[in-house]
Structures are given as structure tokens and as C-alpha cells.
Amino acid sequence: LMFSCRRGGGLVQAWGFLRLSCATSGSIFRVNNWGWYRQAPGKQRELVATVTPGGATSYADSVKDRFTISGDNTDNTVYLQMNTLKPEDTGLYLCNINARKDWYRRDVDYWGKGTQVTVSS
């Protein structure tokens, strides 16, 4: 699977907003869920949000009510709308898809390269 970030991160002031998107190309037998993770310097990678093809979502407590994740089943694209950004949201954001490429293969996590989000105070 290949990933491409159509619109990435960048530098934004606190209280601002950004929208991330990540498209996958290549054949997929089944998508289990899409997700966004982030990693700040010196910290472990943390889960930000996930969404299933059926639309069920989950969020880290730190981003609830500020971020919205959505997925497009037609082209396997995952979006992350980030509002009311805070300096602590700064980090490298990575998109993830847990999927089965062919019916006879096992489920695998695939990762995009990541896009940097920097929130200034």
C-alpha cells in the first residue's frame, strides 16, 4: 500500500485549525480501521483518533471535542479536522490503516510517512 498526504500539516497559532488528509492507493481486501497517531519530540507515539469503515470513532481524551476523524470508503482516504489547536498538539502526525490486503493474508498496520504540525503559543 502507498500513502499520500493531499493536504498536510504546517505552522499554526494556538486556537487555529488544520485539516490533514491521507489517501491510500493499491488494492485492499478489507479495511478494519483508519487512524491518526502523533509523536512529539522525546515522547512516545500516541493514538489520536480512529474510525472504522462503519463510522465508529474513538479519540484520545486530550483531543475530544476539538478533533474530528472521518474516513472515505470510496477512495480509502482518512481526514483529521483539528480545531482549537494548542501548543501541546505539536508533533509528527502519522496516518495509519489496519487492513487486509488480500483475503488470504493477515491484518496488517500500514503507516504513512507523517506530516509535521507545529502550534505556536
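**Strands, core and bridges in a predicted model**

Me: Happy to have you along! Which residue in the turn between β4 and β5 has a positive phi?

Reply: In this predicted model, β4 and β5 form a hairpin with six residues between them. The two strands pair in the antiparallel sense over five bridges. In the turn, the residue with a positive phi, about 80°, is Gly-42.

Me: Thanks! And which residue of β5 does Trp-34 stand opposite?

Reply: The pairing of β4 and β5 is antiparallel. Within it, the residue of β5 that stands opposite Trp-34 is Val-51.

Me: Let's move along to β6. What is the bridge partner of Thr-50 there?

Reply: β5 and β6 also form a hairpin, with five residues between them, and Gly-55 in its turn has a positive phi of about 100°. These strands pair in the antiparallel sense over three bridges. The partner of Thr-50 in β6 is Ser-58.

Me: Now for the inside. Which strand gives the largest share of the largest nonpolar core?

Reply: The largest nonpolar core has 26 residues, and those with the most contacts inside it include Trp-36, Val-48, Phe-67 and Tyr-93. Several strands supply at least two residues each, among them β3, β4, β5 and β11. The largest share, four residues, comes from β9.

Me: Is there a general reason why nonpolar side chains would be found together?

Reply: There is a broad trend to lean on. In soluble globular proteins, nonpolar side chains tend to be buried together. In this model, the number of residues in the largest nonpolar core is 26.

Me: Good. How many residues apart in sequence are the parts tied together by the disulfide?

Reply: The count comes to one disulfide, formed by Cys-22 and Cys-95 with their sulfur atoms 2.0 Å apart. Cys-22 lies in strand β3 and Cys-95 in strand β9, so the pair ties together parts whose separation in sequence is 73 residues.

Me: Are these two cysteines buried or exposed?

Reply: The pair in question is Cys-22 and Cys-95, which form a disulfide. Buried means under 20% relative accessible area, and both cysteines are buried.

Me: On to charges. Which residue forms a salt bridge with Arg-66, and what is its relative accessible area?

Reply: The partner of Arg-66 is Asp-89, with the closest N and O atoms 2.8 Å apart. Arg-66 lies in the loop between β6 and β7 and Asp-89 in the loop between β8 and β9, so the pair ties together parts that are 23 residues apart in sequence. Arg-66 counts as buried at 9% relative accessibility. Asp-89 is buried too, with a relative accessible area of 0%.

Me: Which residues are linked with Arg-66 and Asp-89 in a network of salt bridges?

Reply: Another salt bridge joins Glu-46 to Arg-38, the closest N and O atoms being 2.6 Å apart. Arg-38 counts as buried at 5% relative accessibility, whereas Glu-46 is partly exposed at 33%. Linked with Arg-66 and Asp-89 in the network are Arg-38 and Glu-46.

Me: Last one, out on the surface. Which residues make up the nonpolar patch with Trp-103?

Reply: Trp-103 lies in the loop between β9 and β10. Exposed means over 50% relative accessible area, and Trp-103 has 62%, so Trp-103 counts as exposed. The patch has about 430 Å² of accessible area together, and the residues joining Trp-103 in it are Phe-29 and Tyr-104.

Notes:
Residues are numbered from 1 along each chain as its sequence is written. This is a predicted model: local features need pLDDT of at least 70, side-chain atom pairs count only at pLDDT 80 or more; totals for chains, interfaces and linings use all residues. Side-chain values use heavy atoms; hydrogens and water are left out. A salt bridge is a side-chain nitrogen of Lys or Arg within 4 Å of a carboxyl oxygen of Asp or Glu. Buried means under 20% relative accessible area, exposed over 50%, partly exposed in between (1.4 Å probe, protein chains only). Patches are made of residues with over 30% relative accessible area and no salt bridge: like charges are joined within 9 Å, nonpolar side chains (Val, Leu, Ile, Met, Phe, Trp, Tyr) within 5 Å. Accessible areas come from the Shrake-Rupley method with a 1.4 Å probe; for residues, only the protein chains shown count as cover. A nonpolar core is a set of buried Ala, Val, Leu, Ile, Met, Phe, Trp, Tyr and Cys residues joined through side-chain atoms within 4.5 Å. Two strands pair if DSSP finds at least two bridges between them. A disulfide is a pair of cysteine sulfur atoms within 2.5 Å.
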